[in-house]
Amino acid sequence: MSLIRLFSDFDGRIGLRAFWLGSIAVALVLLAIQHAAPLLADRHDAAMIIAFTKAFALFPWAALAAKRANDRGSAPLFGILLIGAIVLPEQLRPLVSFGWRPSLEAIATMAWVVALIDLGLMPSAGRNGVAAAPAGAKAAE
């Protein structure tokens with residue numbers, strides 16, 4: 001799968017390796033921009049650049065999660081919703097009262113745990129939603 005398709009297409013399946021490498025690549029690009037923006041622009045412009053970059057990073061992460069959820073036997077929408085549940089509560093924090101902030105943090109934390117376990121650690125499912133056999137194992141006849 002090409003890099004453009006990996007980060008921009010919601011169809012298809014990817015394994016654990018491609019999911020982790022793609023997620024690390026997106027995180028490294030975000031980190032690099034967050035550290036370079038204050039050096040290249042004034043404070044206000046740097047904050048706008050970082051905010052735009054974080055919003056733009058939702059798309060490749062959602063594409064990776066959709067493909068990985070499809071590989072796990074779930075609907076691609078499940079992966080997209082997980083990414084939304086991880087990222088959006090942080091964006092809502094300034095808009096809600098102080099009493100709701102712990103709830104938003106709890107939602108994001110639960111979504112992180114589910115995404116880590118389901119998308120990041122569990123093995124791929126077969127074409128019919130059945131777990132793939134380990135390497136070297138013979139199929140039941």
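Which residues are linked with Arg13 in a network of salt bridges? The answer is given under point 3, after the fold and before the pockets and the surface.

1. Overall make-up. The model under review is predicted, and its protein chain comes to five helices and zero strands, so that the elements, read from the N terminus on, run α-α-α-α-α. Of the 141 residues of the protein chain, 28% count as buried.

2. Salt bridges in general. Side chains of opposite charge can pair when their charged atoms come close. The structure holds six salt bridges, of which some are taken up one by one below.

3. The network around Arg13. Arg13, Arg68 and Asp71 are linked in a network of salt bridges, and within this network the side chains of Asp71 and Arg13 meet with an N to O distance of 2.9 Å. Because Asp71 lies in helix α3 while Arg13 belongs to the loop between α1 (3-8) and α2, the pair ties together parts that are 58 residues apart in sequence. As for their surroundings, Asp71 has 5% relative accessibility and therefore counts as buried, whereas Arg13, with a relative accessible area of 28%, is partly exposed.

4. Two further pairs. Glu105 forms a salt bridge with Arg93, and the closest N and O atoms of the two are 3.0 Å apart. This pair links distant parts of the chain, with Glu105 in helix α5 and Arg93 in the loop between α4 and α5, 12 residues apart. Both partners are intermediate in their accessibility: Glu105 is partly exposed with a relative accessible area of 39%, and Arg93 counts as partly exposed at 28%. Towards the start of the numbering, the side chains of Asp9 and Arg5 also meet in a salt bridge, at 2.9 Å from N to O, and Arg5 is partly exposed, its relative accessible area being 37%.

5. The largest pocket. A volume of about 680 Å³ is found for the largest pocket. It is lined by 25 residues, of which Leu30, Trp61, Ile86, Val87 and Trp112 are the closest to its centre. Two or more lining residues come from each of α2, α3 (43-71), α4 (76-92) and α5, and α3 gives the most, with eight residues. By character, the lining divides into 19 nonpolar, four polar and two charged residues.

6. The second largest pocket. The second largest pocket has a volume of about 160 Å³, and the residues that line this pocket are Phe7, Ala25, Val26, Val29, Leu30, Thr53, Phe56, Ala57 and Pro60. Here the elements that give two or more residues to the lining are α2 and α3, and the lining divides into eight nonpolar residues, one polar and no charged. A reader comparing the two pockets may note that Leu30 is among the residues closest to the centre of the largest pocket and also appears in the lining of the second largest.

7. The nonpolar surface patch. Trp20, Ile24, Leu28, Leu31, Val113, Leu116, Ile117, Leu121 and Met122 form a nonpolar patch on the surface, and together they have about 800 Å² of accessible area. Helices α2 (16-40) and α5 (101-121) each supply at least two residues of this patch. Leu121, one of its members, has its place in helix α5; since exposed means over 50% relative accessible area, Leu121 counts as exposed because its relative accessibility is 54%.

Key
Residues are numbered from 1 along each chain as its sequence is written. This is a predicted model: local features need pLDDT of at least 70, side-chain atom pairs count only at pLDDT 80 or more; totals for chains, interfaces and linings use all residues. Side-chain values use heavy atoms; hydrogens and water are left out. Patches are made of residues with over 30% relative accessible area and no salt bridge: like charges are joined within 9 Å, nonpolar side chains (Val, Leu, Ile, Met, Phe, Trp, Tyr) within 5 Å. Accessible areas come from the Shrake-Rupley method with a 1.4 Å probe; for residues, only the protein chains shown count as cover. A salt bridge is a side-chain nitrogen of Lys or Arg within 4 Å of a carboxyl oxygen of Asp or Glu. Helices (H or I, at least four residues) and strands (E, at least two) are DSSP runs, numbered from the N terminus. Buried means under 20% relative accessible area, exposed over 50%, partly exposed in between (1.4 Å probe, protein chains only). On a 1 Å grid over the protein atoms alone, a cavity is a set of points where a 1.4 Å probe fits but cannot get out, and a pocket is an open set with protein on both sides within 12 Å along at least five of seven lines; lining residues have an atom within 4 Å of a point. Grid points are joined across faces, edges and corners, and a volume is the space filled by probe spheres set on the points. Ala, Val, Leu, Ile, Met, Phe, Trp, Tyr, Cys and Pro count as nonpolar, Asp, Glu, Lys and Arg as charged, and the others, Gly among them, as polar.
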